[in-house]
Amino acid sequence: MSHFIGYLKRQSPGRLITLGFATVILLGACLLVLPISVKPGMEVAFIDALFTSTSAVCVTGLIAIDVYDHFTIFGQVVVAALIQVGGLGVTSVGVGLILAAGKRVSIKGRLLVKEALNVDSFKGMVRLVKAVLLVTLCFEGAGMVLSFIVFSQDYSFGRALWTSVFHSIAAFNNSGFDILGGLQNLIPYQKNVLLNLTTCGLIIFGGLGFLVILDVKRCRGSFRKLSLNSKVVITTTMALLLSGTLLLKATEDMSWMGAFFHSVSARTAGFSTYPMGELTNAGLFTLTVLMFIGASPGSTGGGIKTTTFFALMQDVRSVFTKQRPGAFHRTISAESMGKAPVIALLSMLVVCVGTFLLCILEPECTFIQLLFEEVSAFGTVGLSTGITPNLCVLSKLIIILTMFTGRVGAFTLLSIWIDRPEASAHYTEESITIG
């Protein structure tokens, strides 16, 4: 045991975080196949339990089996706990438990939090974790109260209360799980303004990232005083929400509320109030682009992130204007500008390989359905055209690996296995023709 602990201490933060997520996923899968988790008369294969656990921990929402129809209250609590752990991050939850026990957080623990939340400094790590947990509690509590107002009209007190708790956790953590049954998601509440707006609010704030929320609180809502990262996240988020709403309204027979809801949900949440299988190719492609971009760094969402997309756009602008990439009277660092295209390229590679394999394994599905499913898995979104339950075992394994890659990050997964020191000598520089 001591040798194993020593081995863990020698590992990099990226490897430990990846191992932590994998461990929680396997533990969740084992819990979900227990008799206490499965409703009488229902069968849950291990591959479906693994799929559900991965989808929950990676805060995706893709489902091979309906959570309410197949799992007991215990099983549903397990899924909700997996979503919460996945959204906050294994390290944040771990540090939170250490603080609750009155223990001191080690340097290694602080390093893990720094890596998980993409923080530049060790300063105030414990205070940051406490703030993250408090923000989560406040938003999920408010979401639960507002959701209960809606669900209490259709269900008994106990069922409405648990549905509200589950929905609030799933929405704030940008996971499209529901416990309404029948694989219907939120379609029955398509015209319910309160639930639509409550869900959108939880998704948006969960997708902004904890650091941005805390920065807005620190600056008391003054946009001018915000950090460059917060300004980029907020403006890019607003631009994507607006453009997504307009494009969906133009391509689909949706209400403005429906278009806005799916523009928000496509940013890694995965809730739907309209059947995805009935959308046009133009609408599905719009959602695919939004899902690929995803939420923001340090948030509960996935995708390549809004800041990466913003950096790519600034890189394009700088080529034509001959100006250094920047915004809001600030220049973006060369390290950030260099990292953005690498993340985008690796992400595209994951999506392309996954889609290609799905095309081979699922020839009866259309290309747009398979691309949509793969991007939804990578962006940890959870939207589906309805093909997920019918996928073969190998296809489900591909989706599982894609969800895991999307949650941990393709860049992180690659970097944890490559530990090469920077070369002290360099070859002579020479240009090549591009474009």
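**A tour of two cavities and two salt bridges**

The lining of the second largest cavity divides into five nonpolar, two polar and one charged residue (Ala, Val, Leu, Ile, Met, Phe, Trp, Tyr, Cys and Pro count as nonpolar, Asp, Glu, Lys and Arg as charged, the others, Gly among them, as polar). The model is predicted, so local features need pLDDT of at least 70 and side-chain atom pairs pLDDT 80 or more, while totals for chains, interfaces and linings use all residues. Residues are numbered from 1 along each chain as its sequence is written, and side-chain values use heavy atoms, without hydrogens and water.

To see this lining, select F151, T163, F166, H167, D178, I179, L180 and L186, which enclose a cavity (points on a 1 Å grid over the protein atoms alone where a 1.4 Å probe fits but cannot get out, with lining residues having an atom within 4 Å of a point). Its space comes to about 40 Å³, and helix 9 (residues 157–172) gives the largest share of the lining, three residues; helices here are DSSP runs of H or I, at least four residues long, numbered from the N terminus.

Next, select N174, I203, I204, G207, L208, T237, L241, V264, R267 and A295, the lining of the largest cavity, which has a volume of about 70 Å³ (the space filled by probe spheres set on the grid points). Six of the lining residues of the largest cavity are nonpolar, three polar and one charged. Helix 10 (193–208) and helix 12 (228–251) each supply at least two of the lining residues, and helix 10 gives the most, with four.

Now turn to D48 and K396, whose side chains meet in a salt bridge at 2.7 Å, N to O (a side-chain nitrogen of Lys or Arg within 4 Å of a carboxyl oxygen of Asp or Glu). Because D48 lies in helix 3 (residues 46–57) and K396 in helix 18 (residues 393–408), the pair ties together parts that are 348 residues apart in sequence. D48 counts as buried at 11% relative accessibility, as does K396 at 8% (buried is under 20% relative accessible area, exposed over 50%, partly exposed in between, with a 1.4 Å probe and protein chains only).

Finally, go to helix 11 (residues 210–218), where F210, V212, I213 and D215 are the buried residues. D215 forms a salt bridge with R218, the closest N and O atoms being 2.4 Å apart, and, as the partners are three residues apart in helix 11, about one helical turn separates them. Which partner is buried and which exposed? R218 is exposed, with a relative accessible area of 57%, whereas D215 is buried at 7%. After helix 11, stop at R220, whose phi is positive, near 55°.

Note on methods. On a 1 Å grid over the protein atoms alone, a cavity is a set of points where a 1.4 Å probe fits but cannot get out, and a pocket is an open set with protein on both sides within 12 Å along at least five of seven lines; lining residues have an atom within 4 Å of a point.
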